[in-house]
Structures are given as C-alpha cells and as structure tokens.
Amino acid sequence: MKKLAIFDFDGTLFDSVEDVIISFNKALTIHDFPTLTREELIPCLGGDIDDIVGKVLGKNNNPQNLEMLKETYLNIYNSSEKEKTIPFSFSRGLLLELSEKGVLLAINSNRLNYSLRGFIAKYFSDIDFVCVEGHDLDYPSKPDPYWANKIMEKAGVLPDEAIYIGDSSTDIQTAKNAGIDCLIVRWGYGSQNDFEDDYILDCVESPSEIVKYF
C-alpha cells in the first residue's frame, strides 16, 4: 500500500511558466541575448537554476554569461509580483482528498527553497506536509535522490510505499534514483518522451487518476 505522495511543484501543483518567461526575457534583453517563446523555454525547465540558465543561453552559454544572466534573472524574478504563478485549479482538492485518505504529503522541487516555501505558505498554509524541500545550494538538487530519501526517512516509509508525482524527465530520474514509483502528469511542462518513459507507472490525464494509486 502506498503511504507517501512526493510532489514536484512547477508544472505539477503550480502553473508557473508565464512568470518565468517574462523574467527570463527581460534578463535576456538586458544582456542583448535572443529572447525565447513559451515553446522554446519549456524544454529548458528541469534541473536546478544553473541547468535552466545554461539551456536558456543555448550557444551563448559559458561560465561568465551563465552567472551574469542568472543574477539578472533572479533579481528580476524575485522582485516581481509573480501574479501568474498560481496553483492549478484542482491542486488543493487533490491534496485534501489524499490527506483525508491518510496519505502523507511532501514536496520536492528544484525551485529555490525560499521561493517554494513562500508559495506554499501563501496558498497551502492549511495543508499538512511532512516536508517541503526546494533547492538548497548546500545539498544536491534533483535528479539526485538526496531530498527524496530524506523525505522518506522523515515520513518513516519505505521506497515501495512512496510515489513520486511530477511532470518531467527530471522527476522520472529522481524517482528512479530513489528507487520509488513515479507518476507523470500531462498538464505540466513535460514532453512526449516523458509520457512514454518505460519507468513510470502511468501518465495521468486528471487528478482522479492519481488518487486511485493510494
């Protein structure tokens, strides 16, 4: 029986890509780099902030440009209102339904910790999470299983009692590295390759399909 649901954040519980696009394109413009469309940016998502910035830069990626663009992007993003970063309409209901079934809830994201916890405090302060863990510069980021393992340890569950729920190849690899099952959602920022990955339990179209696994 599955006891623990470890959720990714961006593209799984929250729709956040528009604010990221706006902030990146402002930063790219400041440094005279080409801007990106939504379709061009989404494949850059996944991994930690350095991975994302490197992909955004493309052929212009080098250590100097990466640090320069990352600093500008984070300054713009952190100072923005982020009005377009909101939970998917069904996220609260899904979390509450799982909680009512006695499922333990956790979040494991590569979003920087202060940002992740700020959004959880704003929108899900009444939901009891075992752990909410974002990217911490002192520890490995996804797809390293460090935080997934720590979450299972704190929850007191074994790998075969947990499911990792995400939207991208980073989430699949994180689950695989931690030795736990994985569900991929279609409403996020993943690709057809992610949806057809041999490792996943299922690629789900709706939140109700998640609940049946617990």
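## A walk through the chain

Let's start on the outside: the chain's accessible surface comes to about 10100 Å², and carbon and sulfur atoms account for 49% of that. Keep in mind as you look around that this is a predicted model.

Now for the overall build. The chain has 10 helices and eight strands, and its C-alpha atoms fill a box of roughly 55 × 35 × 35 Å along the principal axes. How does the radius of gyration sit with that of a compact globule? With 214 residues, such a globule would come out near 17 Å, and the chain has 17 Å, so the two agree. On the inside, 55% of the 214 residues count as buried. The contacts reach a long way along the sequence, too: take those between residues at least 6 apart, and 62% of them join residues at least 24 apart.

Next, have a look at the largest pocket, which has a volume of about 670 Å³. Its lining is made up of 35 residues, and the ones nearest the centre are Asp10, Leu45, Gly46, Gly47 and Ile52. Which elements give two or more residues to that lining? They are helices H1 (17-30), H3 (49-57), H4 (63-79), H6 (113-123) and H8 (169-178), along with strand S4 (104-112). Sorted by class, the lining is a mix of 14 nonpolar, 12 polar and nine charged residues.

H8 deserves a stop of its own. Thr170, Asp171, Ile172, Thr174, Ala175 and Ala178 are buried in this helix. What do the buried residues of H8 pack against? Their partners are S4, helix H7 (146-155), strand S6 (162-166), strand S7 (181-185) and helix H9 (192-195). So S4 turns up twice on this tour, as a packing partner of H8 and as a contributor to the pocket lining. Right after H8 comes Gly179, with a positive phi near 75°.

Last stop: Lys82, in the loop between H4 and strand S3 (86-87). Is this lysine buried or exposed? Its relative accessible area is 14%, and the cut-off for buried is under 20%, so Lys82 counts as buried. Setting aside neighbours within four places in sequence, Lys82 is in contact with Asp19, Tyr77 and Phe119. If you want a sense of scale, pick out Gly190: Lys82 and Gly190 are 108 residues apart in sequence and 22 Å apart in space, going from C-alpha to C-alpha.

Methods: Residues are numbered from 1 along each chain as its sequence is written. This is a predicted model: local features need pLDDT of at least 70, side-chain atom pairs count only at pLDDT 80 or more; totals for chains, interfaces and linings use all residues. Side-chain values use heavy atoms; hydrogens and water are left out. On a 1 Å grid over the protein atoms alone, a cavity is a set of points where a 1.4 Å probe fits but cannot get out, and a pocket is an open set with protein on both sides within 12 Å along at least five of seven lines; lining residues have an atom within 4 Å of a point. Grid points are joined across faces, edges and corners, and a volume is the space filled by probe spheres set on the points. Helices (H or I, at least four residues) and strands (E, at least two) are DSSP runs, numbered from the N terminus. Ala, Val, Leu, Ile, Met, Phe, Trp, Tyr, Cys and Pro count as nonpolar, Asp, Glu, Lys and Arg as charged, and the others, Gly among them, as polar. The radius of gyration is taken over C-alpha atoms; the globule rule is 2.2 Å times the number of residues to the power 0.38. Buried means under 20% relative accessible area, exposed over 50%, partly exposed in between (1.4 Å probe, protein chains only). Contact means heavy atoms within 4.5 Å. Accessible areas come from the Shrake-Rupley method with a 1.4 Å probe; for residues, only the protein chains shown count as cover.
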